[in-house]
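Me: I would like a close look at one part of this structure, with the reasoning spelled out. Please start from a single residue and work outwards to its surroundings.

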Amino acid sequence: MKKILIIAIAMLLSCQLSAQRNIAGIGQQMNNLEKISEIYDDWVDSIYTNVSQYIANCDAQIAANPTVGWKTECAIWHCYMAEFLIDRSFSYKYTINSRTPGADIDLSHIDEWDEETLQQQIVLHYRKALQEAYSLRQIPFNQCEEIVKNYGDDERSSFNTLYEFVLYKYAQILQNFSQKKDHDKDKNPNIAIFLTSNEDFINLQFDIDTSSYQYEYLSVLQQLTKEQMKSATAYPLICTS
């Protein structure tokens, strides 16, 4: 029994080390992508194409060898893609909003996307990233400097794992989307009823449309709170007590 336990621990440590070694390499690839915007006029399509290829390569590697390292890398690139699209949505807001929604859109050409398509793709990439929850939990957040250095200290001081950080970033964008979509205030839940305790909050059932961004936002917030409550050293971001 002891031998099996030792082998299991060794395998877990090996997976963590492999994934952590990947972080530095991914960080360098991200630096290279930033340089594209300084060199090429069509840098938006170039970055989108490159990251799409990285994700496709990770998917192929996972199909052949589903290790924590490859799953973590795939999740990170999905997050990068989502953040890249978010940045584009703010930088080109007027152009994007002027496009006619519902038109035939070629997803391979990001310059043709309307606002709804952009939002759908951002959500898609975050959902795919969070499918690798186990792998992301294996990465201590304090070892992710190479891939989160562009975020402020206030966004990097409250997390134990990379999984918590991804949940946090996704919650932010879902909150933004829900505020845009839910114009009818009568449909918005009374936030005051959530401010009881963290234990009560994570077990609440929300009487709102389960397909809405607002519902997903609150669900992700619950999951983030659960993750943070597991650690004695972390202070939950949702401090309701």
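**A cysteine and its surroundings**

Reply: Cys-74 is buried, and its relative accessible area is 5%. The model is a predicted one, and everything below is computed from it.

Cys-74 takes part in no disulfide; the nearest cysteine sulfur belongs to Cys-58 and is 4.8 Å away. A disulfide is a covalent bond between the sulfur atoms of two cysteines. The cut-off used here for such a pair is 2.5 Å. The sulfur of Cys-58 has that of Cys-74 as its closest cysteine sulfur, but at 4.8 Å the gap is too far for a bond. Cys-58 counts as buried because its relative accessibility is 0%. Over the whole structure, a search finds 0 disulfides.

Next comes a histidine. His-78 is part of helix H3, which covers residues 68-91. His-78 is buried, since its relative accessible area is 6% and the limit for buried is under 20%. Apart from its neighbours within four places in sequence, His-78 is in contact with Ile-55, His-125, Lys-128 and Ala-129.

Two of these partners, His-125 and Ala-129, are among the buried residues of H5. Helix H5 (residues 115-130) has 16 residues and at 1.5 Å a residue should span 22 Å; its end C-alpha atoms are 23 Å apart, which agrees. The other buried residues of H5 are Thr-117, Leu-118, Gln-119, Gln-121, Ile-122, Val-123, Tyr-126 and Leu-130. An α-helix has 3.6 residues a turn, so residues three or four places apart point the same way.

One of the buried residues of H5 is Ile-122. Leaving out residues up to four places away in sequence, Ile-122 touches Ala-82, Leu-85, Ile-86, Ile-173 and Phe-177. The largest nonpolar core has 60 residues, and the members that touch the most others are Trp-77, Ile-122, Tyr-126, Ile-147 and Leu-162. At least two residues of this core come from each of helix H1 (2-39), helix H2 (43-64), H3, H5, H6, H7, H8 and helix H10 (213-229).

The aromatic rings come next. A pair of aromatic rings is described by the distance of the centres and the angle of the planes. The count of aromatic pairs is 10. In one pair, the ring centres of Phe-141 and Phe-165 are 5.0 Å apart and the planes are at 35°, so the pair is tilted. Phe-141 lies in the loop between helix H6 (133-137) and helix H7 (145-148), while Phe-165 lies in helix H8 (residues 162-181), so the pair ties together parts 24 residues apart in sequence. Phe-141 and Phe-165 are both buried. Phe-165 also pairs with Phe-159: the centres are 5.4 Å apart and the planes are at 80°, so this pair is edge-to-face. Phe-159 is buried, as is Phe-165. Together with Tyr-168, the residues Phe-141, Phe-159 and Phe-165 form one aromatic cluster.

Finally, the chain as a whole. The secondary structure comes to 10 helices and 0 strands. Of its 241 residues, 42% are buried. Among contacts between residues at least 6 apart in sequence, 64% join residues at least 24 apart. The accessible surface is about 13,700 Å², and carbon and sulfur atoms account for 52% of it.

Notes. Residues numbered from 1 in each chain as written. Predicted model: local features only at pLDDT ≥ 70, side-chain atom pairs only at ≥ 80, totals over all residues. Heavy atoms only, no water. Helix = DSSP H or I, 4+ residues; strand = E, 2+ residues; numbered from the N terminus. Buried < 20%, exposed > 50% of the residue type's maximum accessible area, 1.4 Å probe, protein only. Contact = heavy atoms within 4.5 Å. Phe/Tyr/Trp six-rings, centres within 6.5 Å; stacked < 30°, edge-to-face > 60°. Areas by Shrake-Rupley, 256 points an atom, 1.4 Å probe, with all protein chains shown as cover. Expected span 1.5 Å × (residues − 1). Core = buried A, V, L, I, M, F, W, Y, C linked by side-chain atoms within 4.5 Å.
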